[in-house]
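Let's take a friendly walk through one protein model. Have a look at the sequence and the fold first, then read on.

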Amino acid sequence: MLTPHSIIAVIGSGTMGAGIAQVAAQAGHAVKLYDIQPDAARRAIDGIATALSARVTKGKLSEDDRNAAVARISVAQTLSELAQADLVIEAAAEQIYIKQAIFRELAEACSAEVIFASNTSSISITAIASGIPHPERVVGLHFFNPAPVMRLVEVVSGLETAPAVLDSLTGLAMRWGKQPVRCHSTPGFIVNRVARPFYSEAWRALEEQVAPAAVIDAALRDCGGFPMGPLALTDLIGQDVNFAVTCSVFNGFWQERRFLPSLIQQELVLGRRLGKKTGQGVYRWPLDESLTYEFGQISDADNDVVTFSGVELDDLLVQVTQGETASQLALRLKRPVVLVDLINDWRKAGLVVLAAAAGNTAEQTAKAVRFFQRQGKQVLLIKDYPGMLVWRTVAMLANEALDALQKGVASEQDIDTAMRLGVNYPHGPLAWGAELGWQRVLTLLENLQQHYGEERYRPTSLLRQRALLETQHEH
């Protein structure tokens with residue numbers, strides 16, 4: 001059982017390892033920091049000291065507490081020095097053979113009671129634990145970057161992980177001021193799996209030249225309520241890192257088409273246009289401040305979803321997309337049509353994204369533009385694109401969350417909590433889908449699947465069940 005006095009060892013002194021060491025030290029634990037390069041571990045402790053000094057300057061930490069936290073961290077020269085630790089958290093390179101080798105060596109030095117945790121973001125905990133004595137003590141403890149700021153921690157169980165180990169780490173995370181969520185070891189766990197459509201739908205829109213990158217990002221940010229557009233966010237994360245996670249999830253699910261990587265993103269990675277860290281990615285950096293956000297700033301998820309309900313302007317029909325193109329709908333209804341993308345909060349949104357049927361006259365489309373401009377909204381007109389930008393992204397997020405729920409990856413509450421706290425979504429995707437209406441989500445995905453003829457937009461069976469129940473309750 002881990003207590004406030006347990007000794008914590010951290011392996012790897014990069015950004016994540018140093019961040020985890022800082023969290024543990026601030027919580028009062030003695031921390032042993034090991035890196036294959038001892039100088040790197042010492043530099044990491046200096047970095048932690050500097051970060052804590054900044055908190056002192058801002059009045060968020062006392063000088064005494066800062067000094068005490070730094071004093072609790074010491075450098076371990078060898079892995080065998082970690083034998084006295086009660087918990088070892090590995091934050092080494094994201095390669096399974098490296099992690100397995102580390103834990104095999106630790107198993108020789110440590111007693112069977114020492115808990116081994118990996119901060120992996122995508123590697124199977126079952127695979128890491130295989131071949132290690134007492135695999136029941138191996139668990140995933142996935143922090144989010146930056147670890148001292150981000151509240152979410154995924155506590156991940158492999159096939160052999162003991163329930164008592166999960167309970168102990170869940171309690172520890174809470175004592176550290178974190179919000180733990182539990183999940184089973186599947187590719188991407190919760191966040192990196194459910195979040196894939198947020199990126200992939202943006203890349204697809206860019207590939208199909210629906211709109212420029214800045215318009216795609218503006219739609220997701222200002223209409224969808226996401227704290228940052230997906231393309232700018234991949235630049236911030238690093239195109240190589242984001243692409244590698246997508247490929248890992250794609251291959252982990254036997255190349256399931258929902259997770260198909262982007263050729264445009266691959267080109268950026270091959271060209272070393274990795275985003276902020278190289279000065280060039282989708283955008284040239286530094287970016288305009290309006291495109292970025294502060295980590296850890298969580299939007300108010302208690303607000304109801306307030307959407308636009310549609311309007312008729314003489315012969316022109318203006319309505320929210322249902323997954324058909326405006327041209328398809330206009331042909332079916334034999335009237336001019338302008339479609340509106342999903343708006344998370346109609347009252348607060350300053351932006352509206354529209355798509356017009358090809359058969360509209362310029363004046364008919366302009367009539368819809370003027371209608372929204374008179375209500376103080378900025379209007380962006382994109383190509384006629386099924387499901388548009390925000391609606392199809394939210395539908396795919398909700399569908400992916402339902403698939404994870406149906407397959408027992410995590411509970412409904414933990415999935416929504418993970419997506420709110422791990423990637424700062426305005427709502428958990430399951431709560432959002434329920435608020436928008438499961439039948440509407442189903443209709444949109446069925447229309448997308450029919451349009452593309454692809455498995456990518458296949459609705460999960462749990463979505464069909466919830467849509468059916470919703471319809472029965474209405475009647």
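Helices (H or I, at least four residues) and strands (E, at least two) are DSSP runs, numbered from the N terminus. With that in hand, S168 can be placed in helix α6 (residues 163-175). The model is predicted, so local features need pLDDT of at least 70 and side-chain atom pairs count only at pLDDT 80 or more, while totals for chains, interfaces and linings use all residues. Residues are numbered from 1 along each chain as its sequence is written, and side-chain values use heavy atoms, leaving out hydrogens and water.

Is S168 buried or exposed? S168 is buried, because its relative accessible area is 5% (buried means under 20%, exposed over 50%, partly exposed in between, with a 1.4 Å probe and protein chains only). Leaving aside neighbours within four places in sequence, S168 is in contact (heavy atoms within 4.5 Å) with M1, L2 and I115.

Now to helix α2. The buried residues of α2 include A40, I45 and L52, and their cover includes the elements in this table.

| Element | Residues |
|---|---|
| α1 | residues 15-26 |
| β2 | residues 31-34 |
| α3 | residues 63-71 |
| β3 | residues 73-76 |

Just after α2, G59 takes a positive phi of about 80 degrees.

Last comes a sheet. Five strands form an open sheet in the order β9-β10-β11-β12-β13, with mixed pairing (two strands pair if DSSP finds at least two bridges between them). At its edges lie β9 (311-313) and β13 (378-382), each pairing on one side only. Inside the sheet, β11 (residues 337-340) and β12 (residues 351-356) run antiparallel over three bridges, and L339 has A355 in β12 as its bridge partner.
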